[in-house]
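Hi there,

Here is the structure I promised to pass on. Have a look at it first, and then read my notes below.

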Amino acid sequence: MKLYIFGSCSGTEPVENRHHTAFAVELNGRIYWFDAGENCSYTAHLMGVDLLSVSDVFISHPHMDHVGGLGNLLWNIRKLSTMTKVLPRYGDITLYMPNEDTFEGIMTILKATEGGYKTDYQTLFRRISDGVLLDGDIRVTALHNRHLGQEEGPWQSFSFLIEAESKRIVYSGDVKDLDDIAPFLENGCDLLLMETGHHDPVTVCGRLKGGNVGRICFLHHGRRILSDCEGMLCACRKIFDDVHICNDGDVFDL
Ligand SMILES: [Zn+2]
């Protein structure tokens with residue numbers, strides 16, 4: 001199983017060498033995509049990731065730093081399929097999203113582009129709610145969080161638990177605080193992909209120290225961590241052994 005980081009930044013203004021949040025898990029050749037910030041499919045393609053192997057796309061919430069590259073991802077899949085005369089390898093593409101308006105908006109844009117986004121496969125919308133979204137080689141479970149300050153559903157912002165090959169990966173999405181993902185963390189995880197856009201990494205490490213999180217990979221970086229990545233990493237490693245600050249283009253073997 002591989003983890004690819006396509007975009008490591010939060011919703012900042014453009015930052016050199018970083019784009020908004022997106023990553024993917026590859027298992028047995030199949031690509032499971034998480035969030036789709038600007039430029040994600042461009043970066044993935046140039047990293048050698050086969051966009052025709054994308055089967056499922058999970059969007060944590062509808063903010064631009066998580067959906068800005070979704071239209072281009074779908075467009076690029078169609079482009080590669082048209083060029084090579086190869087259909088997406090796993091059939092229809094399913095978009096798991098909290099918000100149908102965003103899906104419809106992106107499809108409206110695509111249908112007005114060249115070729116009218118006509119495809120021999122379907123691009124399907126599935127609304128995210130709490131619970132298991134996908135249960136195959138990989139299992140993906142959604143849990144709503146308080147990032148958008150909602151008091152009640154339908155929830156628009158989610159965190160994800162990704163389980164495969166006996167490993168547990170938690171992706172925070174954007175969260176109000178660590179309590180939002182406590183139900184995922186209480187059974188431990190091998191890897192926590194934790195956003196720093198709204199959180200101090202050193203505080204996060206302090207909270208999780210001595211617990212049952214194996215490794216923390218920070219992403220969705222905010223200004224604080226970007227101002228001094230090296231210094232922040234040093235400070236984090238004094239508290240928590242296995243910490244990494246993700247960069248665009250990182251690849252991890254899990
Ligand atoms: Zn964000």
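Let me begin with a pair of helices. Helix 3 (residues 70-84) packs against helix 4 (residues 100-111) at an angle of about 45°, and their axes are 10 Å apart. That angle makes helix 3 oblique to helix 4; angles under 35 degrees count as roughly parallel, over 145 as roughly antiparallel, 65 to 115 as roughly perpendicular and the rest as oblique. The axes are lines fitted to C-alpha atoms, for helices over the stretch in contact, with angles running from 0 to 180 degrees between N-to-C directions. Helices (H or I, at least four residues) and strands (E, at least two) are DSSP runs, numbered from the N terminus. The crossing of helix 3 and helix 4 is right-handed (the near helix is turned clockwise from the far one by less than a right angle; anticlockwise would be left-handed).

On the helix 3 side, Leu70, Gly71, Leu74 and Trp75 meet Ile106, Met107 and Leu110 of helix 4, where contact means heavy atoms within 4.5 Å. By class, the residues of this contact are six nonpolar, one polar and no charged. Here Ala, Val, Leu, Ile, Met, Phe, Trp, Tyr, Cys and Pro count as nonpolar, Asp, Glu, Lys and Arg as charged, and the others, Gly among them, as polar.

Before going on, a word on the source: this is a predicted model, in which local features need pLDDT of at least 70 and side-chain atom pairs count only at pLDDT 80 or more, while totals for chains, interfaces and linings use all residues. Residues are numbered from 1 along each chain as its sequence is written, and side-chain values use heavy atoms, with hydrogens and water left out.

Leu74, one of the helix 3 residues, deserves its own note. Leu74 is buried, with a relative accessible area of 0% (buried means under 20% relative accessible area, exposed over 50%, partly exposed in between, with a 1.4 Å probe and protein chains only). Leaving aside neighbours within four places in sequence, Leu74 is in contact with Ile93, Leu95, Ile106, Met107, Leu110, Tyr117 and Thr123. The C-alpha atoms of Leu74 and Tyr117 are separated by 8.9 Å, though the two residues are 43 apart along the chain.

The second helix pair is helix 6 (residues 201-208) with helix 8 (residues 229-237): their axes come within 9 Å and cross at roughly 15°. Helix 6 is therefore roughly parallel to helix 8, and their crossing is right-handed. Pro201, Val202 and Cys205 of helix 6 make the contact with Met232, Ala235 and Cys236 of helix 8. This contact has six nonpolar, no polar and no charged residues.

So what about the two cysteines in that contact, Cys205 and Cys236? The structure holds zero disulfides, a disulfide being a pair of cysteine sulfur atoms within 2.5 Å. For Cys205, the nearest cysteine sulfur is that of Cys236, 3.8 Å away. Cys205 counts as buried at 0% relative accessibility, and Cys236 likewise counts as buried at 0%.

Now for some backbone details. Most residues other than glycine have a negative phi, and most peptide bonds are trans. Which peptide bond is cis, with omega near 0°? The one from Gly153 to Pro154; Pro154 sits in the loop between strand 8 (139-144) and strand 9 (158-164).

Asn39 has a positive phi of about 70° although it is not a glycine. Asn39 belongs to the loop between strand 3 (30-34) and helix 1 (40-46), and is partly exposed, with a relative accessible area of 32%. Lys85 also has a positive phi, near 55°. Its place is in the loop between helix 3 and strand 5 (93-97), where Lys85 is exposed, with a relative accessible area of 74%.

Finally, please look at Tyr32 in strand 3. Tyr32 counts as buried at 2% relative accessibility. Not counting residues up to four places away in sequence, Tyr32 touches Phe23, Ala24, Val25, Leu27, Ser55, Asp56, Phe58, Leu134, Asp137 and Ile138. Tyr32 and Val140 are 108 residues apart in sequence and 9.7 Å apart in space, C-alpha to C-alpha.

Happy to talk it through.

Best wishes
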